[in-house]
Amino acid sequence: MNHTQHYTLCFSCPDRVGIVARVAGFFAELGGWILRSSQHAEEDDNRFFMRVEVRADSVACGLAELRRRFATIADECEMDWRISDSAVRKRVVILVSRQKHCLYDLLERWESGELDIEIPCVISNHDDARGLVEWHGIPYHHVPMGSDDKAEAWAEIERLFLESGGETMVLARFMQILPPALCERFAGRIINIHHSFLPSFVGASPYRQAWTRGVKQVGATCHYVTAELDQGPIIDQDVVRVGHGDSVGDLVRYGKDVEKAVLARGLRDHLEDRVLVNGRRTVVL
């Protein structure tokens, strides 16, 4: 990760000649020192994607003025865009149920500074992780979720998320289906992780089902949450090979390791403004 304070411009727009030159010229006029730049064109959709990092101390205006000035170009090019400041830590609210391996991993990465974020709170439908979370000095909210009061529970989760100033919601093995309205309200801001067996082995004991079928790999998928269960735009994936000598327990252990790594990578790409959604796909720059 680049530790020099920088502004990150990330955008997509209809493709045309001269976009890169226009953006580079805009920053050059402000004295902007470009640290890195990446772009991609989707020919089938005629859409262009770009991410640019610029040294903050080289730009001849503040962030608010930078955004105001760039808005003119963005409007002309019909851009879906954002500019962020690396010095401002993004606020990530974590949701967890009883499986805590992803929560442990995210907290360790946060504690060590690997994830340079604020975690204003952790929310769970169980009380199991309270000791772990509060030991880290993070507020813990237990929101029970019975079959008769799910609407109220989700309303409370949304209230806590907004009240805490949450920008990104991470489902760290949160085993509840989000209401469609919540998915739409926070589109592109809710990240989930799930094992690689969907849709082949659904329901209880997917690893045992997979072991019974003799699968040769296990893996995980990190994606944005949409109203269509586990079908949102994919941010990251990975797999690990397994053999006939591996037990069900081995598969579970391998799967947890992959889930932790993939969730951390996907979250980092999201926080660094590397992920641009293009319909059901993502472009990760």
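## Met79, a buried loop residue

A residue counts as buried when its relative accessible area is under 20%. Keep that cut-off in mind as you look at this structure, which is a predicted model. Met79 has a relative accessible area of 11%, so this residue is buried. You will find Met79 in the loop between H2 and E4.

What is Met79 in contact with, leaving aside its neighbours within four places in sequence? The residues are Phe11, Ser12, Cys13, Ile19, Val23, Phe70, Ile73 and Ala74. Take Ser12 as an example: Met79 and Ser12 are 67 residues apart in sequence, yet their C-alpha atoms are 5.6 Å apart in space.

## Glu78, in the loop with Met79

Glu78 also lies in the loop between H2 and E4. Is Glu78 buried or exposed? Its relative accessibility is 52%, and a residue over 50% counts as exposed, so Glu78 is exposed. The backbone of Glu78 deserves a look as well, with a positive phi of about 55° although Glu78 is not a glycine.

## Helix H1 and its two sides

Two of the contacts of Met79, Ile19 and Val23, bring us to helix H1, which runs over residues 19-29. The buried residues of H1 are Ile19, Val23, Phe26 and Phe27. Seen down the axis of H1, these buried residues fall within an arc of 90°, so they line one face of the helix.

What covers that buried side? The cover includes strand E1 (6-14), strand E3 (47-55) and H2. On the face turned away from the buried side, H1 carries the exposed residues Ala21, Ala28 and Glu29. Following H1 comes Gly31, with a positive phi near 80°.

## Helix H5, end to end and all around

Next, try helix H5, residues 150-163. At 1.5 Å a residue, its 14 residues should span 20 Å, and the C-alpha atoms at its ends are indeed 20 Å apart, which agrees. Ala153, Trp154, Ile157, Glu158, Leu160 and Phe161 are the buried residues of H5. Viewed down the helix axis, they fall within an arc of 160°, so they line one face of H5.

Several elements take part in covering the buried residues of H5, including strand E5 (92-96), strand E6 (122-124), strand E7 (140-142), strand E8 (168-171) and helix H6 (180-185). Ala151, Glu152 and Glu163 are exposed on the other side of H5. Just after the helix, Gly165 has a positive phi of about 75°.

## Arg173, between E8 and H6

Two of the elements that cover H5, E8 and H6, are joined by a loop that holds Arg173. At 9% relative accessibility, Arg173 counts as buried. Arg173 is not a glycine, yet its phi is positive, about 65°.

## Helix H7 and strand E9

Which residues of helix H7 (residues 206-213) are buried? They are Pro206, Tyr207 and Ala210. These residues cover an arc of only 95° around the axis, which puts them on the same side of H7. Their cover includes strand E9 (190-195), strand E10 (217-224) and helix H8 (248-271). Just after H7, Gly214 takes a positive phi of about 70°.

Strand E9 also contains Asn192. With a relative accessible area of 10%, Asn192 is buried. Not counting residues up to four places away in sequence, Asn192 touches Leu171, Thr221, Cys222, His223, Val225 and Asp230.

## The largest pocket

Finally, look for open space. Rolling a probe the size of a water molecule over the atoms shows where empty space is left. The largest pocket holds about 580 Å³ of space. Its lining is made up of 22 residues, and those nearest its centre are Arg82, Gly188, Arg189, His270 and Asp273.

Helix H2 (63-77), strand E4 (80-85) and strand E12 (275-278) are the elements that give two or more residues to this lining. Which element gives the most to the lining? That is E4, with 6 residues. Sorted by class, the lining of the largest pocket has 9 nonpolar, 5 polar and 8 charged residues.

How values were computed: Residues are numbered from 1 along each chain as its sequence is written. This is a predicted model: local features need pLDDT of at least 70, side-chain atom pairs count only at pLDDT 80 or more; totals for chains, interfaces and linings use all residues. Side-chain values use heavy atoms; hydrogens and water are left out. Helices (H or I, at least four residues) and strands (E, at least two) are DSSP runs, numbered from the N terminus. The expected span of a helix is 1.5 Å times one less than its number of residues. Buried means under 20% relative accessible area, exposed over 50%, partly exposed in between (1.4 Å probe, protein chains only). The arc is that of the directions from the helix axis to the C-beta atoms. Contact means heavy atoms within 4.5 Å. On a 1 Å grid over the protein atoms alone, a cavity is a set of points where a 1.4 Å probe fits but cannot get out, and a pocket is an open set with protein on both sides within 12 Å along at least five of seven lines; lining residues have an atom within 4 Å of a point. Grid points are joined across faces, edges and corners, and a volume is the space filled by probe spheres set on the points. Ala, Val, Leu, Ile, Met, Phe, Trp, Tyr, Cys and Pro count as nonpolar, Asp, Glu, Lys and Arg as charged, and the others, Gly among them, as polar.
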